[in-house]
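Me: I am new to this structure. Please walk me through how its parts meet.

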Amino acid sequence: MACVVVVGTQWGDEGKGKVVDLLTEGVDGIVRFQGGNNAGHTLVVGGQKFILHLIPSGVLHPDKTCFIGNGVVVDPTVLLGEIDRLAERGVMVGPERLRISDRAHLIMPWHQALDLAREKAKGKDAIGTTGRGIGPCYEDKAARVGIRGVDLTEPELLKEKIEANLAEKNFWLTQYYKEPALDPAAVLEQFLALGQRLRPYLADVSLELNRMLENGRSLLFEGAQGTHLDIDHGTYPFVTSSNPVAGTACTGSGVGVTRLTKVLGLVKAYTTRVGGGPFPTELLDATGRHLQNRGAEFGSTTGRPRRCGWLDLVVVRQAVRLSGITGLCVTKLDVLTGLPSLRICKGYRLPDGSQLETLPASLTKLGQCQPIYEELPGWDQDISGARSLDELPANCRAYLERLSQLAGAPLSLVSVGPDRDATIILGGISG
Ligand code: GDP
Ligand code: IMO
Ligand code: MG
């Protein structure tokens with residue numbers, strides 16, 4: 001009856017998709033619990049690449065059930081498109097194995113319009129959002145004017161809600177942002193049609209998940225984004241609008257906190273970030289370019305180049321604390337191959353000479369933080385074929401050991417290539 005949560009410890013794109021796909025083998029259900037199609041999770045199986053934005057990364061295993069919890073914001077067009085693209089590649093995702101919470105909020109056309117308009121208006125101060133309408137959708141959820149999956153089954157209520165929302169949103173769009181208005185009748189028609197297709201997938205996900213647990217089944221919770229994009233704990237305001245920390249697995253799915261058994265933290269062997277915001281270990285030199293090229297660091301959702309830098313263990317250690325991480329999954333270790341020496345950040349120094357071992361709340365202060373590095377020797381050998389720790393060069397093992405020590409959590413898995421098989425499993429993974 002395991003309930004394992006997988007979360008990103010950095011700023012997203014740590015390789016959650018790969019690890020969730022791999023671990024799906026040992027569980028019965030896979031659950032997304034926050035975020036939306038701002039996520040881009042990449043799976044490579046036998047050389048074939050799949051990028052998922054909303055559907056849980058367990059979907060390639062035909063005998064497993066995937067769930068989209070109430071905490072996710074769902075863009076129905078994107079979701080149905082994803083189902084269709086998978087079907088074209090022979091992966092059938094019918095309502096018997098994809099269950100979408102009828103309480104999940106829907107991303108409406110005005111959410112995306114407002115997201116884009118606001119970013120444009122902010123100019124150089126833009127957050128660098130994915131432009132998918134994530135923030136405005138969560139805002140409406142908190143403002144208690146959001147539209148939920150279940151509303152698609154009540155056309156009169158849907159009509160009222162769309163009209164009420166657009167009365168206000170069109171004012172903002174046209175008067176404040178000078179953008180075109182949206183037509184309520186057209187939006188209603190579009191969503192009634194989407195509702196027809198989505199309806200069979202809608203379910204009381206909390207009820208279904210708890211029934212599975214009562215029947216001795218196990219669940220894997222797939223986090224999206226990363227700890228430092230968390231709206232409460234991240235580098236606010238350069239964050240997303242949900243809580244990627246592990247606790248959200250419960251609120252975002254309707255499973256009780258006492259059910260969770262393990263929390264795995266995904267750590268990329270270096271650091272990346274997409275969009276704006278502080279990044280103390282960022283490298284704007286040849287090493288940064290090496291990481292970007294070797295690691296193919298371009299966003300899976302927007303295609304933007306990801307900013308790259310040395311591994312920041314202050315960032316990872318904080319994530320271990322915030323999510324109660326029980327094991328670390330280190331990914332993209334192979335990308336470091338060929339660098340003569342490696343640096344890991346273990347603390348920050350402020351201009352007054354004082355030192356910090358945690359990220360400060362103030363972005364002004366974080367912007368002044370200089371990383372305190374420890375230098376470790378690199379390795380040249382190709383490690384992508386390694387399937388046990390013994391097969392890794394001694395310097396590579398030393399890097400992992402130091403990582404685990406400074407992060408304050410044991411290693412559970414090491415990934416040495418994008419393919420499902422390119423993995424060293426160390427234990428502490430199943431519930
Ligand atoms: P996610 O958002 O956390 O699921 O991560 P993304 O899929 O956005 O980005 C991770 C990228 O790294 C994807 O292109 C993966 O295929 C790739 N990847 C994952 N693990 C490894 C690894 O160990 N080595 C290499 N070279 N690539 C990896
Ligand atoms: P996965 O699940 C990396 C970033 C955006 C932007 C900020 C806010 O693939 O790790 P939003 O559209 O959420 O309002 O954008 O958050 N961001 C991500 N960065 N990986 C992601 O997801 C991200 N999802 C959002 O780049 O800086
Ligand atoms: Mg990603």
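**Where the two domains meet**

Me: How many residue pairs are in polar contact between domain 1 and domain 2?
Reply: This is a predicted model. The count takes only pairs with both residues at pLDDT 80 or more. Between domain 1 and domain 2 it comes to 8 residue pairs.

Me: Which element gives the largest share of the side of domain 1 that touches domain 2?
Reply: Two elements give two or more residues to that side: β6 (73–74) and α2 (76–88). One of them supplies 6 residues, the largest share. That element is α2.

Me: How many polar residues does the side of domain 1 that touches domain 2 have?
Reply: Sort that side by class. Nonpolar residues number 11 and charged residues 3. The polar count is 15.

Me: Which side chains meet in a salt bridge?
Reply: The rule finds 1 salt bridge across the interface of domain 1 and domain 2. Domain 1 covers 3–95 + 204–425, and domain 2 covers 105–200. A nitrogen and an oxygen lie 3.0 Å apart in a salt bridge, and the rule asks for within 4 Å. The side chains are those of R197 and D84.

Me: What area is buried between domain 1 and domain 2?
Reply: The contact takes 29 residues from domain 1 and 21 residues from domain 2. Carbon and sulfur atoms give 59% of the buried area. The total is about 2000 Å².

Me: Which three residues supply 28% of the area that domain 1 buries against domain 2?
Reply: No other three residues supply more of that area. They are V73, P76 and L80.

Note on methods:
Residues numbered from 1 in each chain as written. Chains lettered and ligands numbered in written order. Predicted model: local features only at pLDDT ≥ 70, side-chain atom pairs only at ≥ 80, totals over all residues. Heavy atoms only, no water. Domains from an automatic or database assignment. Contact = heavy atoms within 4.5 Å. Buried area = accessible area lost by both parts, 1.4 Å probe. Polar contact = N/O pair within 3.5 Å; in protein donor to acceptor, adjacent residues only side chain to side chain. Helix = DSSP H or I, 4+ residues; strand = E, 2+ residues; numbered from the N terminus. Nonpolar A, V, L, I, M, F, W, Y, C, P; charged D, E, K, R; others polar.
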